[in-house]
Amino acid sequence: MALISIIVPVYNNAPSLPELARRLDAIAAEKPSHRFEFVYVDDGSADDSFAVLQKLASEDARIRVLKLSRNFGSNMAILAGMHHAAGDCVGFISADLQEPPETLVEMLAQWEAGYRVVLAVRKDRHGDPWLTRLFANIFNWLFEKLVFPGMSPQGVGFFLVDRQVVDVLLRCNEKNAHLIGLILWSGFEYRTVLYERARRLYGKSGWTFSKKIKYLIDAFAAFSYLPLRLSSALGLFLAAAGSLYALVIIVLRVLNLIPVAGWAALAVIVIITSGTQLIMLGVIGEYLWRSFEATRQRPPFIVDTVITSASERKASGDPDSHV
């Protein structure tokens with residue numbers, strides 16, 4: 001019997017956890033030919049999520065709970081779960097129930113058919129705020145056109161991957177990991193499963209605008225040098241335009257055709273060029289910061305507590321409790 005590990009990153013999702021556990025239990029009952037384990041990762045929740053998870057773990061021997069020392073972000077929470085998951089294949093599902101867990105049944109069927117990577121893709125984004133739809137559409141379009149051609153324009157909501165793929169992801173050990181990008185980068189043939197995103201019934205989304213911006217930067221900085229190339233191209237364009245303009249000024253000056261000089265044109269030129277230079281420095285800085293992050297020996301996440309099926313606890317001083 002294959003062991004299936006399902007990872008659930010949790011961030012202030014206490015109200016939805018009991019129903020999620022019930023629906024995951026129903027999935028396990030629907031697949032009696034497999035064994036299941038459910039790895040919940042509390043990513044620094046400020047509500048009662050950890051207490052709810054403790055109760056669930058005491059009632060179900062298949063549940064393991066990891067409590068991170070603080071909020072490290074969903075990608076790091078999923079990676080923490082992968083480090084502790086023992087399954088022959090590993091999937092993840094969000095805890096807010098907007099992604100229906102039942103989709104995992106169809107995804108498991110694809111894995112059983114021999115595909116090492118199965119991606120769950122939204123059918124559409126109807127119901128999302130227009131700003132969210134705009135941001136998502138721009139990001140997915142750029143990601144598909146510039147980084148991974150062939151990726152669904154609707155993006156990827158969650159995934160299920162074979163143990164071989166999990167081992168590849170863990171070996172990458174990136175500090176600002178973009179998991180979907182790493183999975184596509186690995187090159188394994190994948191299949192997609194469509195799902196309809198449910199309306200949010202529990203709490204508020206923690207997916208803030210600043211996190212979306214970081215997600216976009218992580219995606220492009222990790223898999224594309226295009227921003228650097230665009231900065232170089234923009235610099236060359238401005239240098240060429242500036243040289244031509246300087247030549248025109250020299251010719252006009254020699255012909256004594258320059259009127260009384262004003263400060264407006266000079267101010268506009270300085271503002272545009274200096275602003276462009278700062279943008280280019282910012283792009284370079286993003287790459288340098290990620291290079292600096294990669295050279296430091298800080299762990300990408302810290303596990304404070306582990307609750308196993310036997311409700312055993314490990315303090316953070318245990319070598320197995322942090323990565």
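A pocket, as the term is used here, is an open set of grid points with protein on both sides within 12 Å along at least five of seven lines. The structure is a predicted model, and its second largest pocket holds about 380 Å³ of space.

The lining of this second largest pocket comprises 17 residues. Those nearest the centre of the pocket are Leu216, Phe220, Pro227, Leu230 and Val283. Four helices each give two or more residues to the lining: H5 (130-146), H8 (209-223), H9 (226-254) and H10 (263-295). Of the contributing elements, H10 gives the most, with six residues. In chemical character, the lining consists of 14 nonpolar residues, two polar residues and one charged residue.

Attention now turns to helix H7, which spans residues 179-186 and is mostly covered. Six of its eight residues are buried, namely Leu179, Ile180, Gly181, Leu182, Ile183 and Leu184. After H7 comes Gly187, which has a positive phi, near 90 degrees.

A further point of interest is Ile307, a residue of strand E8 (residues 303-307). Ile307 has a relative accessible area of 3% and is therefore buried, the cut-off for that term being under 20%. Ile307 also illustrates how the fold brings together distant parts of the sequence: Arg64 is 243 residues away from Ile307 in sequence, yet the two C-alpha atoms are 5.6 Å apart in space.

Terms used: Residues numbered from 1 in each chain as written. Predicted model: local features only at pLDDT ≥ 70, side-chain atom pairs only at ≥ 80, totals over all residues. Heavy atoms only, no water. 1 Å grid on protein atoms, 1.4 Å probe; cavity = no way out; pocket = protein on both sides within 12 Å on 5 of 7 lines; lining within 4 Å. Points joined across faces, edges and corners; volume = space filled by probe spheres on them. Nonpolar A, V, L, I, M, F, W, Y, C, P; charged D, E, K, R; others polar. Buried < 20%, exposed > 50% of the residue type's maximum accessible area, 1.4 Å probe, protein only.
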